[in-house]
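Subject: Structure handover

Dear colleague,

Please find the structure below, for you to take over. My notes on what was found in it follow.

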Amino acid sequence: MAEPMLQLRGLTKRFGGLTAVDRVDLEVYPGEVVGLLGDNGAGKSTLIKMVSGVYHPDGGQIFFQGREIRLGSPMDALELGIETLYQDLALAENLNVYANIFLGRERTKPFLGLIRVLDHANMHEESEKVLKRLEIEIPSLKSQIKHLSGGQRQAVAIGRSIYWNAKLLIMDEPTAALGVQEQRKVLDLVRVLASQNIPIIVISHQLYDIFSVTDRLVIMRRGRKVAERRTKDTTPDEVVGLIIGSEEVAQQPAGGPPAD
Amino acid sequence: MVPEAAASTNRKATAPARWLGRNWAIVFLLLELAAFGLLGKNFFSPENLQNILVACLPVLLLAMGETFVIITGGIDLSVGFVMGFATVVCAKFMVLLQAAGLPPWASIPLAALICLAIGLIPGLINGTLVARLKVPPFLATFGLYGIAYGFSEIISKNTPIGGLPPIAGEIGNEYFFYIVPGKTVSFLVKPQNLAMEEMRSMISVLPILVVIFFVFVAIFAFVLRRTRFGQHTYAIGGSMDAAVRAGINVPAHLTWIYIISAFFASLSGVMYVLKYVSGRADAGSARMLDSVVAVVIGGASLYGGTGAVKGTIIGALIIATLETGMVNLLIPSHNRYIAIGAILVIAVLIDQFFPELVGRGE
């Protein structure tokens, strides 16, 4: 198999006496969608925040593209191409689609040889390209974000990270606030990204989403990684059992995951 | 993705109501002009219309800086007294430089530049308090409100500063062109030796002050609309969090915003000195209200993220028209504060309860 894009070895995080993440190993390969599952307080978010530079690990190592990395801040992670999409998405609602894609890195052009002004045409065109590549349809890139649906916002945020060369995408509950049809669209988008060789870690409570979109599942409980399964080799029942930690896991060999 | 939310944006308001919601300020300004035109004497004379432009300047200059601040979701309550501080500093330096033997052509611009430079300090303090030390804008600038006023009284020794070069008043009150119909057109200098009749028919065009200070308004309108700096100003007002995560240096940007606000307050102070040939600590005390009102009437939300110079100009014109019209009708000036205060409250209520009417959010 190819070299993993991300590799965690014995990653540990303690808050006072509580060990939130306890010696977790994890690998994510190019083009792979990995689901991270666990009950509230299982340590998923803490684990992710170490990878995105928000928390500093108390033990263990993070390797990215084969090299060990130390993240001092979220900006360090962003510069490496590790992009985390939280539920709030961090979009400026009063600005339009392409302004958000280029926020902080706006394209400019000279004006009267004196001063540089925003190059709206260029930003519009470039945004259109990246959204098209991801098969995202948004009626007008001049619409303010506040006029877009939840799924469209999600798509804009993803488009932005891809445009700026995200090499690993972490999505925290990407479908939580969406209607059924929109959830479908976002999940499709995740598959499109994976097909373009961008690995994705998805945190979700919605088993249906997880089963329809992931290649592999990692299950955490009380800070530890308790299981790892190929999605096609497991069932929702087994996964629920692993999440809640019941000893007896009903085996249903005939069940299988929903259509991929 | 499905355009379902986009279609529902303006579900609640009918088309004419929405149009009125977006353009009520212009409609209000036109109604105001019409009312004063009907009731007043010579309200539409070229002279009076230009008076409105001059009257709008102090409000507009303060409101320009306030526009930047309010778009970021902040507020600057210190502008009125920073303006007063600037008048005192500017007048004091004109007097000192004149006493030092400098001719007016040097002492006036030099004093103005010194005043504008010193005027950046309150902005730097406001910006540092708000952006770096996380003091709420309302409190930080309220502190400066008192501090700036106190220093102005110390510098002016509690009395208006006079004895300025008289040419200052000419810059502040003269026009670029004087036209005597059928006789002469002159540039900058009033035609001499005119008969009484001709004096009366003389039309003055383009107040010098309006030209000088509108240049600054135009430059900063451009900055807000066309540059990255302007874009980041809107982004910070829309979502501070998004701006930070997009790598924008938010503390530095906000500091500049408050410096711009103080710069415009100082410009307004320089304008006051040129117009009234004096400097006084309370020159702008009543103007803070005006500046906030002008911005809010202009369509900016006090919650941040929206606003434009075009709207602020309309807001300032509404206030200046009210002011000029009341003088024209000999209505005591205290009534204008009641009117302007009421306009502010109504504008904010519309913003809060009928956002869809103003085309803002859902």
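**Chain B**

Chain B has 16 helices and 3 strands. Before going further, note that this is a predicted model, and everything below should be read as computed from it.

On overall dimensions, the C-alpha atoms of chain B fill a box of roughly 75 × 50 × 35 Å along the principal axes. The radius of gyration of chain B is 22 Å, which agrees with the value near 21 Å for a compact globule of 362 residues. Of those 362 residues, 43% count as buried. Among contacts in chain B with a separation of 6 or more, 77% are between residues 24 or more positions apart.

The 3 strands of chain B form an open, antiparallel sheet, in the order β2-β1-β3. At its edges stand β2 (184-187) and β3 (203-207) of chain B; each has a single partner strand, so one side of each has no neighbour in the sheet. From one strand to the next, the twist averages 15 degrees. Strand β1 (residues 175-180) of chain B is joined to β2(B) by 4 bridges, in the antiparallel sense. Within that pairing, Ile179(B) has Val185(B) in β2(B) as its bridge partner.

Helix α10 (residues 208-226) of chain B lies across β1 and β3 of chain B, and runs at about 20 degrees to β3(B).

The other helix to look at is α13 (residues 250-276) of chain B. Its 27 residues should span 39 Å at 1.5 Å a residue, and its end C-alpha atoms are 39 Å apart, so the expected and actual spans agree. Helix α13(B) is mostly covered, with 21 of its 27 residues buried. Just after α13(B) comes Val277(B), which takes a positive phi of about 50 degrees.

**Chain A**

Chain A contains 8 helices and 12 strands. Its radius of gyration is 20 Å, close to the 18 Å that the globule rule gives for 260 residues, so chain A is as compact as a globular protein of that length. The C-alpha trace of chain A spans about 75 × 40 × 35 Å along its principal axes. Of the 260 residues of chain A, 45% count as buried. For contacts in chain A with a separation of 6 or more, the share between residues 24 or more positions apart is 66%.

An open sheet of 6 strands runs in the order β6-β9-β10-β3-β11-β12 in chain A, with mixed pairing. The edge strands are β6 (82-85) and β12 of chain A; each has a single partner strand, so one side of each is left without a neighbour in the sheet. The twist here averages 20 degrees from one strand to the next.

Two pairings in this sheet can be described in detail. Strand β9 (residues 168-172) of chain A pairs with strand β10 (residues 200-203) of chain A in the parallel sense, over 4 bridges. There, Leu169(A) stands opposite Ile200(A) in β10(A). Strand β11 (residues 216-221) of chain A runs antiparallel to strand β12 (residues 224-230) of chain A, and 6 bridges join them. Arg221(A) has Arg224(A) in β12(A) as its bridge partner. The hairpin of β11(A) and β12(A) has 2 residues between the strands, and Arg222(A) in this hairpin takes a positive phi near 45 degrees.

Helix α6(A) lies across β3 (33-38), β9 and β10 of chain A, and runs at about 155 degrees to β10(A).

One residue of chain A was followed up separately. Pro74(A) is in helix α2 (residues 74-80) of chain A. Is Pro74(A) buried or exposed? Neither: it has 16 C-beta neighbours inside 10 Å, and therefore counts as partly exposed. Leaving aside residues up to four places away in sequence, Pro74(A) touches Ser52(A), Gly53(A) and Val54(A). Lys49(A) is 25 residues from Pro74(A) in sequence, and the two are 8.8 Å apart in space, C-alpha to C-alpha.

**Where the chains meet**

In the interface, 29 residues of chain A are in contact with 27 residues of chain B. On the side of chain A that touches chain B, the elements giving two or more residues are β8 (115-118), α5 (150-163) and α6 (180-195) of chain A. The residues on that side divide into 14 nonpolar, 9 polar and 6 charged.

Regards

Definitions and conventions:
Residues numbered from 1 in each chain as written. Chains lettered and ligands numbered in written order. Predicted model: local features only at pLDDT ≥ 70, side-chain atom pairs only at ≥ 80, totals over all residues. Pairing = 2+ DSSP bridges. Contact = placed C-beta atoms within 7 Å. Nonpolar A, V, L, I, M, F, W, Y, C, P; charged D, E, K, R; others polar. Rg over C-alpha atoms; globule rule 2.2 N^0.38 Å. Buried ≥ 20, exposed ≤ 12 C-beta atoms within 10 Å, placed from the backbone. Axes fitted to C-alpha atoms, helices over the stretch in contact; angles between N-to-C directions. Expected span 1.5 Å × (residues − 1).
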